Amino acid sequence: MKKLLTTMLLAASGVLAASAANEPLPLIQNVQAYESCSLNGDWNYIVDVQEEGYYDYRMNPMRNGFFINAKPQKPEDLIEYDFDKSPTMKIPSDWNTQDEKLFFYEGTVWFKKSFQAVPMTECRTLLYFGAVNYDCHVWVNGKKAGHHVGGFTPFNYDISDLLKKGENTVIVKVDNKRHAEDVPTQIFDWWNYGGITRDVKLVKVPMNYLENYDLQLMKAAGKAKVRELAFSAKMNAKEAGHQVEVYIPELKLKQQFTTDAEGKVSGILKVAAKKLQLWCPETPKRYDVQLTLDAGMVADSIGFRTIETRGKQILLNGKPIFLKGISIHNEKPNGGGRANSVEDAHTLLSWAKELGCNFVRLAHYPHHEEMVREAERMGILVWSEIPVYWTIAWTNPNTFANAKQQLTDMIARDHNRANVIIWSIANETPHSAERDKFLGGLAKYARTLDNTRLISMAMEVTGASNYVNRLNDNMNEYVDVVSFNQYIGWYRDVNDAPKMKWVIPYDKPVIISEFGGGARYGYHGAKNQRWTEEFQENLYKENTAMLDKIEGLAGTTPWILKDFRSPRRVLPGVQDYYNRKGLVSDKGEKKLAFYVLKKWYETK
Ligand code: GCB
């Protein structure tokens with residue numbers, strides 16, 4: 001496929017690239033399908049505690065900051081930095097685990113990478129970042145390419161006009177300082193890993209390309225003889241009259257569409273129900289799909305399934321399913337640090353498979369794209385979330401715009417993945433009218449982007465007398481699935497578990513999005529001795545027995561697969577800056593509770 005595309009690109013007519021540096025370019029769908037050149041590898045870096053490479057001594061942004069990558073021209077020239085003499089670190093990575101001086105660092109680091117290029121007039125070059133945490137400015141050859149905020153979603157710039165023949169330089173200023181109005185906000189229970197944490201690449205795209213496309217199986221009555229695939233797409237230019245073709249060789253399905261004045265197409269493809277094999281955890285079937293715009297082709301591998309709710313049930317392909325899940329942070333399986341490879345994803349997801357899971361909650365922000373794709377290949381359903389966590393600045397319009405953008409990009413990246421069934425818009429947020437307005441707005445907006453999946457968020461139950469736990473959240477009316485976190489046995493006495501009653505007054509499926517407790521691997525003792533594996537094991541036994549009594553329980557995602565780094569977990573000798581609620585230790589060792597959950601899932 002890639003070869004085909006290259007040939008096509010070279011043969012394309014020589015129209016000048018109309019790139020608009022600094023303007024945000026909508027995220028390109030399925031970036032893997034294009035010919036690209038990786039910029040991963042060694043990048044020089046400069047730690048800039050006071051941002052002297054960006055602001056002058058009166059705190060005004062400078063015109064000749066570090067981004068111009070100056071070099072002395074005359075002996076007397078004063079230049080107080082030198083990227084080429086600065087150390088290097090591997091990208092993608094977080095700086096915290098790459099340089100021990102930066103373990104706790106929150107602030108600005110500059111990165112520089114040089115590469116060779118040949119400017120091309122017959123196609124465009126996008127500079128793509130899988131994620132950078134948190135605030136980042138990008139320059140190419142000293143000229144601004146763009147600014148991005150938000151640590152877990154991809155973004156791209158059209159840098160065609162900034163490239164020159166020979167050596168080119170990209171400089172990135174990354175700042176991971178926390179602020180109250182950011183998303184996430186100032187406090188959160190995970191490590192604030194800074195840096196260019198996911199892949200960086202130069203992507204070659206035709207002058208006209210499919211910015212985004214969507215191919216989804218539509219819901220149908222159980223005995224329908226013909227199934228419908230809803231297709232829509234948008235090209236980068238707003239131009240009528242371009243041909244878009246969808247071809248699924250295995251189904252012998254081919255259909256053409258013509259763009260409207262907005263550069264959009266939409267329509268339905270029909271296929272005999274008996275020919276179509278649906279994606280499900282047991283048989284995660286995906287079809288090769290070829291999408292052609294004019295002469296340029298993009299290949300994808302797409303699974304078809306439906307997801308809906310009926311009363312308290314979740315239906316996958318029309319049949320009830322119990323979601324045997326586990327929550328996961330986007331951390332490497334052995335030790336801390338941001339996970340960013342297929343291998344990392346495979347190891348984490350294999351542990352989930354071993355537990356008997358058919359579902360994972362990717363908490364509390366979008367994980368790297370390979371995590372979702374590998375889960376799709378392995379037949380694991382996904383809950384994907386944005387970091388609207390705890391005490392967000394609900395009344396700040398910029399905060400809302402930021403959350404909305406992260407939601408947009410999460411959905412834009414993954415909406416053709418059959419395994420993603422739930423978009424989660426928040427976690428454990430304090431109730432208020434302002435919060436409802438903010439989250440209600442996000443929920444409604446998410447449905448305009450994708451009305452085929454379920455919307456949820458992790459809520460909280462409020463305790464009442466006589467061991468009654470009541471779910472009472474105005475956001476109920478906006479979600480399809482009511483999910484809540486509960487910590488009986490950890491933040492509350494484990495002996496209360498058998499006495500608990502649950503009042504969930506909504507006719508919707510219920511997911512327990514978190515439960516669990518901490519244990520240090522290898523620490524053994526009595527079951528009432530906190531931090532022992534036996535304490536955690538007992539907590540899991542009591543909780544699973546308790547959850548079996550919740551009417552309409554449609555799934556669980558206990559907290560959490562693996563111990564993960566958190567600055568809030570400071571107990572020496574036990575936590576040492578790790579949240580120890582993992583069923584697997586930070587080094588990959590399985591704790592006793594792992595086997596309790598595995599056994600429970602065998603009964604589901
Ligand atoms: C929660 C949060 C999660 C924390 C967990 C804990 O409710 O959603 O991010 O890590 O509790 O360990 O307390």
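**Cavities, cores and domains in a predicted model**

Let me begin with the largest cavity, whose lining residues divide into 7 nonpolar, 5 polar and 4 charged. I should say at once that what we are looking at is a predicted model. The space in this largest cavity comes to about 100 Å³, and of the 16 residues that line the cavity, those closest to its centre are Y134, R178, P184, F188 and N192. In total, the structure holds 5 cavities of 30 Å³ or more.

The second largest cavity encloses about 60 Å³ of space, and its lining of 11 residues has P206, Y209, G296, M297 and V298 nearest the centre. Here the lining divides into 9 nonpolar and 2 polar residues, with no charged residue. If you are following on the structure, look at β16, which runs over 287–293, and β17, which runs over 296–302, since each of these strands supplies at least two residues of that lining; β17 gives the most, with 3 residues.

Now to the domains, and to where this second cavity sits among them. The domain assignment of the chain gives domain 1 as 2–206, domain 2 as 210–293 and domain 3 as 309–602. Which domains each give at least three residues to the lining of the second largest cavity? They are domain 1 and domain 2. As for domain 2 and domain 3, their C-alpha centres lie 32 Å apart, and 12 residues of domain 2 are in contact with 18 residues of domain 3.

Let me turn from the cavities to the nonpolar cores. The largest nonpolar core has 85 residues, and the residues with the most contacts inside this core are I326, V388, L439 and F484. Why does this core lie between domain 1 and domain 3? Both of these domains give residues to the core, and so it lies between them.

F484 is worth pointing out individually, as one of the residues with the most contacts inside that core. If we leave aside residues up to four places away in sequence, F484 touches M459, E460 and V461, then L471, then W502 and I504, then the run V510, I511, I512, S513 and E514, and finally I550. There is also a second core, separate from the one just described, which has 37 residues and includes L215, V246, Y287 and A412.

To close, I would come back to the two cavities: the lining of the largest has 4 charged residues, whereas the lining of the second largest has no charged residue.

Technical notes. Residues are numbered from 1 along each chain as its sequence is written. This is a predicted model: local features need pLDDT of at least 70, side-chain atom pairs count only at pLDDT 80 or more; totals for chains, interfaces and linings use all residues. Side-chain values use heavy atoms; hydrogens and water are left out. A nonpolar core is a set of buried Ala, Val, Leu, Ile, Met, Phe, Trp, Tyr and Cys residues joined through side-chain atoms within 4.5 Å. Buried means under 20% relative accessible area, exposed over 50%, partly exposed in between (1.4 Å probe, protein chains only). Domain bounds come from an automatic or database domain assignment. Contact means heavy atoms within 4.5 Å. On a 1 Å grid over the protein atoms alone, a cavity is a set of points where a 1.4 Å probe fits but cannot get out, and a pocket is an open set with protein on both sides within 12 Å along at least five of seven lines; lining residues have an atom within 4 Å of a point. Grid points are joined across faces, edges and corners, and a volume is the space filled by probe spheres set on the points. Ala, Val, Leu, Ile, Met, Phe, Trp, Tyr, Cys and Pro count as nonpolar, Asp, Glu, Lys and Arg as charged, and the others, Gly among them, as polar. Helices (H or I, at least four residues) and strands (E, at least two) are DSSP runs, numbered from the N terminus.
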